[in-house]
Every structure is written in C-alpha cells, then in structure tokens.
Amino acid sequence: MTRSPPSKLLLKNPLLSLLQKCRTASQIFQIHGQLITTNIISNTFAASRLIAASVVSDALTMDYAELVFTQIEQPNSFICNTMIKGYIEVSNPHRAFNLYSWMQKKGVLMDNYTYPFVLKACGLMLGLQEGREIHGEVVKRGFELDLFVRNGLIGMYCRCGETICARTLFDDGSHQKDLVSWNSMIHGYVRGGEMGEAQMLFDEMPERDVFSWAMMIDGYGKKVGDIVHAREMFDNMPQRDLVSWNSMIDGYSNVGEMVAARRLFANMPEKNAISWSIMIDGYARDGNPKEALNLFRQMVRQGTKPDKVSAVGAISACAQLGAIDQGKWIHIYLSKNRITLDVVVQTALVDMYMKCGSLDEARKMFNNMSERNVISWNVMIVGLGVNGFGEEALELFAQMEMEETLMDDLTFIGVLTACSHAGLVIEGLQIFNRMRSDYRIEPKLEHYGCLVDLLGRAGKLDEAQNVIETMPMKPNSALWGSLLSACRTHRNITLAEVSLHRLAELKEDDSGVYVIMSNIYAEEGRWDGVLWIRKLMTDRRMMKETGRSVIEVDGGVEEFINGDGSHFPRQERDLVISSLSKMMVTAI
DNA sequence: TTAGGGTTAG
C-alpha cells in the first residue's frame with residue numbers, strides 16, 4: 001500500500017461519503033469489498049474512513065477494525081487515534097495503551113487528539129505510572145496548553161485516585177478551564193467519597209449542567225449513603241434528566257429504601273433499561289427476589305428490551321427462589337433475542353442452575369464458557385460443594401492451580417466448604433495451611449469458620465474448639481454456632497454447653513440456638529435440660545422464627561408460611577403430604 | 001481532511 005494525499009476526487013468519492021452513514025455490518029462489508037476492487041483502499045485516507053466507520057458501528061467488533069488496520073502499511077495519527085478510541089469503547093484500555101506505545105516505536109506523531117484518548121485509557125487501567133510518563137511527554141511537546149489534553153490529564157489523575165495532582169493542574173490559573181474541567185475534578189472527589197470537597201467545588205463552579213448534578217446525587221446517594229443530601233440535590237436540580245432520576249433511585253435502592261425507590265420509579269417521566277435494572281437488582285439484593293422477578297416480567301411486557309444487566313438481576317432472583325423454570329425462560333429469552341451471554345451473564349446462569357440443583361445444566365454452561373473469571377470458578381466450586389460433590393470441587397480447584405487462574409478468598413471459602421460437606425478433612429486442612437504460603441491469601445474469620453465446620457462435622461470437636469480459641473482474631477457467633485450444631489450431631493453435651501455460654505456472652509443467643517440446645521438435651525433424655533431451656537425461652541419471650549419456603553407453581557412463585565393454611569384446603573394438603581411421605585419411604 | 005475530554009447498572 002502506498003501513502004498518497006487525498007485528491008479532490010477522493011473526497012467526493014461516493015463510497016467514502018456512504019461509509020459515514022453506514023451502521024450495519026453488511027453495509028460496511030460491501031463498501032470494504034468495493035474499496036478493494038477499485039484499489040481505493042490503498043489510500044490511507046480511504047482506509048481511515050473505513051476504520052472509523054467500523055469502530056463507530058455497533059454491529060462490528062474491534063477485530064474487524066484490527067484486520068483493516070494491520071493491512072495499512074503506514075497508518076497515520078488519525079487511524080491510530082480512531083483505533084485507540086475504539087479500544088476504549090469496548091473497554092480494552094490495555095490494547096489502547098499498547099497501540100500508543102506502538103505509535104511511539106514506529107514514530108507515528110501523536111497529536112492533540114491522541115492524548116485525551118490515551119489518558120483515558122491510563123485512567124481506566126489505573127496506570128498511574130504510564131499516565132505520568134504521558135504527562136511528561138505532553139509537557140515536553142507543549143500540548144498542556146490544549147484544554148482537551150489538560151482535562152484528559154485531570155481525568156486520568158482523578159481516576160487513579162490522585163486528586164491532589166489533579167487539583168494542582170486544575171488550580172493552575174495560567175490556563176483556562178471549562179465545565180468539563182470542573183466536572184472532572186468533582187468526579188474525582190466523588191469517586192473517593194470526598195463529598196465535602198466535591199460540594200465546595202460544586203458551589204463555586206460558574207455553571208452547572210446535568211452531569212454536575214447527577215454526579216453529586218450519585219456521590220451522596222451511592223458513595224456515602226447520605227440519602228438526605230442526595231434528595232436535596234435532586235429536588236434542587238433545575239432540569240432533571242433520565243440519568244439523574246436513575247441515580248436518585250439507585251441511591252434509595254442502595255440504602256435499602258425500596259419503598260421510596262419504587263415511588264420515584266413509578267413517577268419518573270420516562271424509563272430505560274437502566275431504570276428497570278436498578279429496581280430489579282435493588283429488590284434482589286434487598287431479599288425480595290419475588291418482586292424482582294415481577295418487575296422483570298413487567299419490563300418485558302411493557303416492551304423495554306432487557307439487557308445483560310437487568311437479566312443478571314432477574315437470574316439472581318431466580319437463583320434465590322430456586323425458580324428453575326423462570327430461570328430457564330430467561331436463558332432462552334436471552335438466546336432468542338441475541339443478547340450476548342458474556343462472562344457475567346453466564347456466571348449468573350451457572351449460579352442459578354447450581355442453586356436450583358440442576359447440576360448438569362450448570363456443568364454444561366460452565367464447560368462451554370469461552371472466558372471465565374475468578375467468580376465463575378468460585379460459583380462452580382461453591383455449587384459443587386454444597387450439592388455434595390466435594391471431590392469434583394477439589395478437581396476444579398486443582399484445575400485452577402494448573403491453569404494458574406487468580407484465586408481470591410471466596411475460592412478458598414468454596415473449596416473448604418466443599419471439603420467439609422464431603423468429609424474431606426485431610427484435604428481441607430492441607431488447603432487451609434497452603435493459603436498463606438502458596439497463595440498469599442491471609443485467612444479471614446470466614447475461613448476459620450470453614451475450618452471449624454470441617455472439623456466439627458467430622459467429629460473432631462476438640463480440634464474445632466482449639467481452632468476457635470487459638471485463632472488470631474476474635475471469634476464471632478457463627479463459629480460457636482457451628483460448633484454447637486456439630487455437638488448436636490456428635491452428641492457432646494459438655495462442649496455444647498460451653499458453646500451456648502460463649503454465644504450468650506456475645507449476646508447472640510437467639511431462639512435458634514436454644515432450640516438446638518433443647519434438641520441436644522432431648523436426644524440424650526436430659527428432660528431437666530429441656531425444661532430449663534423452655535422456661536428460659538418463655539421468660540425471655542423468645543419466639544421461634546416462622547418457617548418460610550417458596551416453590552414455583554405454573555410459572556409463578558408461591559410463598560408458604562408455617563402455620564398459614566390459606567393456600568390449599570386442609571384435606572388436599574394432607575393428602576399431598578401423605579402421598580409424598582409414602583413415596584419417600586418407598587424410595588428409601 | 002474524517003474525531004476529542006466529564007454522569008448512571010453487575
């Protein structure tokens with residue numbers, strides 16, 4: 001390919017003007033073909049247009065742009081800038097930065113467009129060191145006078161948490177500032193939860209736009225949970241846009257105020273998929289998966305196309321409810337509507353299938369994943385563990401080791417839980433001991449909890465007690481509770497009483513704890529103990545927590561509450577129970 | 001001679 005200046009003829013070339021209007025992949029393919037046939041592609045300007053069109057198009061991946069890019073012998077700055085921008089858009093800041101380094105190596109001159117892009121890439125990959133080097137380069141080449149570049153620098157420092165460096169640039173009076181400079185700086189403070197600083201700048205700034213307001217609402221609502229100030233901002237905002245409504249609703253949802261969130265959601269002038277996602281996720285997190293699913297169904301009915309995020313919320317609601325049919329329905333819906341099943345959605349599906357007990361589906365999904373992150377592995381290991389497939393969980397853990405996949409503390413909670421459910425005491429102990437030495441992960445309270453559970457279930461009660469008493473941090477009620485349960489299984493009254501005593505000291509002796517203790521006494525025929533506990537519970541007016549369960553009935557979710565006979569006529573219910581009991585007896 | 005920087009959800 002040769003480099004040639006664009007002739008007047010080329011500028012007017014209908015193919016190139018058409019390219020700017022192209023949005024679909026097939027349109028771009030067609031023009032690409034014609035550019036090759038006519039050899040117009042050998043012109044750098046024409047190739048730039050093609051790259052720009054493919055980067056802008058939603059239908060094409062960066063792979064396609066890369067394909068065109070690699071065929072250009074001497075890419076100019078424009079082409080490189082467009083590629084860097086494309087990489088940022090598809091959240092691949094590392095490739096963006098690599099291309100910048102490549103430009104340096106090849107001697108492609110950076111211009112005032114290159115720096116804002118590549119600085120954003122540095123901010124996104126938290127590459128402070130790289131950002132600093134570029135800052136030096138910018139100063140050396142005199143680009144710090146460019147407002148876009150300066151704002152790029154401020155943004156980069158803010159993203160990397162260096163608000164002080166950013167502020168120095170911001171406060172430098174010898175250069176002009178604009179609304180974006182102010183907003184970038186405020187955003188930096190908001191990210192770090194420094195709402196006082198953010199507020200001061202907000203009050204000082206000469207003009208504000210919807211960005212400024214939305215950031216403050218988000219900062220107060222989500223970052224620091226100060227819902228009162230967030231609402232004040234929202235109420236004072238001159239012209240609310242969709243984003244500010246979403247931010248405010250998200251703020252409420254974040255602090256668990258779902259009633260207030262729902263009220264705003266109902267009153268908002270227009271909704272998008274994000275508004276629905278916030279509510280679905282909010283309900284799912286707030287322990288109301290039933291309502292999360294209702295909203296998801298409503299969203300589909302009302303014609304808002306769910307995206308990946310809203311689907312993940314709904315899938316996790318299904319997982320909480322064990323609503324396998326609806327989970328499958330969402331899975332099919334996503335495939336039918338060509339919504340990409342990325343690693344997050346796939347992981348949510350694996351988790352859902354696991355929690356619903358469909359292990360084969362979960363395995364199939366996991367095995368077919370082209371990309372896995374640490375969460376995907378964790379979900380699989382935990383799922384196998386709690387479903388009693390401890391050995392398989394250990395195999396996966398070994399596979400992770402072999403593939404040198406990054407592990408985190410949840411991985412160890414998963415694998416230790418798996419060992420404990422499967423009675424793999426020696427394996428569990430070995431893994432626990434290797435946490436610090438081999439993986440540099442400091443065992444937390446939860447890991448000690450797993451260890452106590454592992455030993456307790458295996459009947460090694462003294463060793464479990466020893467762990468609790470010698471561990472480096474203060475044991476919590478879950479640990480003593482776990483030991484108490486183990487004492488019940490292995491009939492150890494003395495240690496059970498010690499555990500109960502410790503739980504009482506921690507003021508965590510709720511009704512559940514006493515019910516277990518009472519059962520232990522009863523199983524040993526210690527009726528004096530049973531009476532003592534019963535009296536204690538009555539004196540303290542302790543109530544047993546109401547038992548609840550949910551099942552799927554004809555595509556809906558039904559909740560059953562212990563003692564509430566309103567669902568079925570009593571006779572019918574008794575009939576079902578007795579036939580189920582018979583089936584179970586026959587099965588055994 | 002094509003383009004640019006600052007908000008929202010896992």
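**Helix H10, aromatic pairs and the surface near DNA strand B**

Helix H10 is mostly covered, with 11 of its 13 residues buried. In this predicted model, H10 runs over residues 147-159 and reaches 18 Å from its first C-alpha to its last, close to the 18 Å expected at 1.5 Å a residue. The buried residues of H10 include the nonpolar side chains of Leu147, Val149, Leu153, Ile154, Met156, Tyr157 and Cys158, and they also include Arg150, Asn151, Gly152 and Gly155. An α-helix has 3.6 residues a turn, so residues three or four places apart point the same way. Asn151, which is buried in H10, is also one of the residues that come nearest to DNA strand B.

The chain that holds this helix is mainly described by its helices and its overall dimensions. The secondary structure of chain A comes to 34 helices and 2 strands, and its C-alpha atoms fill a box of roughly 100 × 55 × 55 Å, taken along the principal axes. Of the 588 residues of chain A, 45% count as buried.

The surface near DNA strand B was examined next. Of the 40 residues around the strand, those that come nearest are Asn151, Asn183, His187, Asp209 and Asp281. Sugar and phosphate account for 31% of the atoms of DNA strand B that come within 4 Å of the protein. By class, this surface has 18 nonpolar, 8 polar and 14 charged residues. Helix H12, which spans residues 179-191, gives the most to the surface, with 5 residues.

Individual side chains can be placed against the backbone of the strand. An N or O atom in the side chain of His187 is 2.5 Å from a phosphate oxygen of DNA strand B, and a polar side-chain atom of Lys222 lies 2.8 Å from a phosphate oxygen of the strand. For Ser184, an N or O atom of the side chain is 3.4 Å from a sugar or linking oxygen of DNA strand B. Both Ser184 and His187 fall within the residue range of helix H12, 179-191, while Lys222 falls within that of helix H14, 210-223.

The structure holds 15 aromatic pairs. In one of them, Phe202 and Trp213 are arranged edge-to-face, at 5.0 Å centre to centre and with 85° between the planes. Because Phe202 lies in helix H13 (residues 195-204) and Trp213 in helix H14 (residues 210-223), this pair ties together parts that are 11 residues apart in sequence. Phe202 counts as buried at 3% relative accessibility, and Trp213 likewise counts as buried, at 10%. A further edge-to-face pair is formed by Phe432 and Tyr448, for which the centres are 5.3 Å apart and the angle between the planes is 70°. Here Phe432 lies in helix H27 (residues 425-439) and Tyr448 in helix H28 (residues 445-457), so the pair ties together parts that are 16 residues apart in sequence. Phe432 is buried at 10% relative accessibility, and Tyr448 is buried with a relative accessible area of 8%.

Aromatic residues also take part in other arrangements. Phe296, Trp329 and Tyr333 form one aromatic cluster. The charged end of Lys177 sits over the ring of Phe170, at 4.5 Å from its centre, and Arg240 lies over the face of Phe234, at 4.5 Å from the ring centre.

Two further buried residues were considered in their helices. Asn81 is found in helix H6, which covers residues 77-89, and at 4% relative accessibility it counts as buried. The side chain of Asn81 is joined to that of Asp111 by a polar contact of 3.0 Å and to that of Thr114 by a polar contact of 2.9 Å. Tyr220 is found in helix H14, the helix that also holds Trp213, and Tyr220 is buried with a relative accessible area of 7%. Between Tyr220 and Leu500, which are 280 residues apart along the chain, the C-alpha atoms are separated by 42 Å.

Conventions:
Residues are numbered from 1 along each chain as its sequence is written. Chains are lettered from A and ligands numbered from 1 in the order in which they are written. This is a predicted model: local features need pLDDT of at least 70, side-chain atom pairs count only at pLDDT 80 or more; totals for chains, interfaces and linings use all residues. Side-chain values use heavy atoms; hydrogens and water are left out. Rings of Phe, Tyr and Trp (its six-membered ring) pair if their centres lie within 6.5 Å; planes under 30 degrees apart count as stacked, over 60 as edge-to-face and the rest as tilted. Helices (H or I, at least four residues) and strands (E, at least two) are DSSP runs, numbered from the N terminus. Buried means under 20% relative accessible area, exposed over 50%, partly exposed in between (1.4 Å probe, protein chains only). A charge sits over a ring if NZ of Lys or CZ of Arg is within 6 Å of the ring centre and within 35 degrees of the ring normal. A residue is near a molecule or strand if one of its heavy atoms lies within 4 Å of it. A polar contact is a pair of N or O atoms within 3.5 Å; within protein, one must be able to donate a hydrogen and the other to accept it, and residues adjacent in sequence count only if both atoms are side-chain atoms. The expected span of a helix is 1.5 Å times one less than its number of residues.
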